[in-house]
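User: I should like to learn how to read the features of a protein model. Could you please guide me, beginning with the interior?

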Amino acid sequence: MLDLKLICKKFNNFVNRLTKRGFDLDINHFKSLLELRNKIKNKTEKLQNKRNFISKTIGNIKKTGGGGNTKHLILEVNKLNNKLHKNIFYLEATNKKILKFLFKIPNLPHKSVPKKKNIEIIRWGNPKTFNFSLRDHIKIGLINGDLDFELATKLTGSRFTLIRGKLAKLHRALIQFMLDKQVNIHGYEEMYVPYIINRNSLLGTGQLPQFNKNIFELEGVNEYFLIPTAEVPLINSVSGKILSKNDLPIKLTAHSPCFRNEPVSYGNDSRGIMRQHQFDKIELVQIVHPDKSYVVLEDMTKHAEEILKALKLPYRVMLLCAEEISFCASKTYDIEVWIPSLSKYLEISSISNCEDFQSRRIKTRFRQFKEKPTLVHTLNGSGLAVGRCLLAIMENYQNEDGSITIPDILQSYMSGTQRI
């Protein structure tokens with residue numbers, strides 16, 4: 001959520017930056033809400049001042065013992081109290097409308113974010129040349145039945161996948177490898193988080209109300225939802241806290257399934273396990289000092305990149321334009337892995353700096369000594385999406401007979417298995 005005081009102070013700048021990311025702000029409605037609030041607030045303050053003056057007069061009369069009649073003054077105070085209660089009620093209702101309006105406004109893009117075109121930052125590794133007819137991951141998975149779409153559809157429905165046998169073991173190996181890398185090398189604290197979350201937590205990280213249609217809500221259970229990402233519980237683990245400066249940075253990671261009711265797409269980049277209602281991901285989160293968040297954004301991007309480097313999978317990093325960054329982000333890097341069957345790169349991670357957009361919602365601040373508490377900055381990203389990483393390995397490491405060579409770094413996680 002954006003800072004209302006800053007919006008009012010630099011309104012035109014605020015509107016221009018939102019326009020940069022393609023957001024059409026209802027300026028007239030917003031201004032009318034602010035004007036109404038100011039009008040009610042001013043009236044409330046005048047009523048309070050008048051009531052306080054009369055109450056003080058009553059007190060002075062009683063102090064002097066002059067025996068003056070105060071009944072009419074007491075009646076006037078009672079009338080003012082009734083008016084005050086009504087005004088305070090209207091003020092609270094108007095503030096709620098403003099808050100509801102603010103909740104629907106996305107974050108402001110950082111000045112370094114391009115307006116309409118993504119920019120390629122780096123490209124690592126060269127796509128492999130195959131001397132045989134390529135198979136996509138669906139055909140590879142069907143050769144020995146390790147990818148079972150038919151059974152998953154029978155059990156649940158479309159856009160779910162059942163993975164079995166050695167391919168399931170490879171999926172598990174990827175999870176363990178990614179966690180070990182982030183915990184042992186990069187210093188993140190591993191957490192096991194709930195897969196069910198409440199409404200306040202989703203409001204805090206910005207998934208609600210904006211993406212209500214994309215989140216699975218549990219019917220018959222009051223205000224419970226399946227997590228769309230482990231970012232939600234990880235960020236909310238510090239909600240409402242005033243941290244010490246020495247507590248920062250807080251680095252958290254978790255493996256979890258992610259549940260998303262995303263719109264169905266029928267392109268080639270949605271087939272098989274590319275876009276699912278349920279998928280696994282290693283989430284990276286950092287809670288940091290505001291002065292250091294953009295340095296941390298670069299660090300976190302490298303933390304995700306190192307997974308692909310270790311797996312020797314070609315990839316590129318894209319700086320997203322203002323029209324494509326996520327609702328909560330000020331700046332985002334997408335990491336895209338090479339998919340041979342598509343002859344193109346496919347997103348496998350997004351690393352975003354949300355600045356104080358989320359911390360203002362969850363009321364998380366830090367303090368040094370006796371200074372006034374300051375909002376922290378929050379960052380999140382994937383390190384990586386496990387299913388898409390599995391897909392990339394299946395296609396980039398495929399052999400002519402349909403088998404898959406296990407990347408060297410994963411063989412110890414696969415009990416020494418070199419090929420499946």
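Analyst: The largest nonpolar core has 53 residues, and those touching the most other members are Leu170, Leu174, Met178, Leu311, Leu313 and Ile393. A nonpolar core is a set of buried Ala, Val, Leu, Ile, Met, Phe, Trp, Tyr and Cys residues joined through side-chain atoms within 4.5 Å. Buried means under 20% relative accessible area, exposed over 50%, and partly exposed in between (1.4 Å probe, protein chains only). Helix H7 (residues 165-185) supplies the largest share of this core, 8 residues. Please note that this is a predicted model, in which local features need pLDDT of at least 70 and side-chain atom pairs count only at pLDDT 80 or more, while totals for chains, interfaces and linings use all residues. Residues are numbered from 1 along each chain as its sequence is written, and side-chain values use heavy atoms, with hydrogens and water left out.

User: Which residues does Ile393 touch?

Analyst: Contact means heavy atoms within 4.5 Å. Not counting residues up to four places away in sequence, Ile393 touches Leu170, Leu174, Leu311, Leu313, Gln398, Ile404, Pro407 and Leu410. Apart from the largest core lies another, of 22 residues, including Leu102, Phe103, Leu108 and Cys328.

User: How should a strand be read, and is strand S10 buried or exposed?

Analyst: Helices (H or I, at least four residues) and strands (E, at least two) are DSSP runs, numbered from the N terminus. In a regular strand, side chains alternate between the two faces of the sheet. In strand S10 (residues 315-319), 5 of the 5 residues are buried, so the strand is largely enclosed by the rest of the structure. Tyr315, Val317 and Leu319 point one way from S10, while Arg316 and Met318 point the other way.

User: Which strands does S10 join?

Analyst: Two strands pair if DSSP finds at least two bridges between them. S1 and S10 run antiparallel and are joined by 5 bridges, with Arg316 in S10 as the bridge partner of Arg123. Another 5 bridges link S10 to strand S11 (residues 331-339), also antiparallel; here Tyr315 is opposite Val337.

User: What does an open sheet look like in this model?

Analyst: One open sheet has 3 strands in the order S7-S13-S14, with mixed pairing. Strands S7 (242-244) and S14 (374-375) stand at the edges with a single partner strand each, so one side of each lacks a neighbour in the sheet. S7 runs parallel to strand S13 (residues 365-367), joined by 3 bridges, and Leu243 stands opposite Phe366 in S13.
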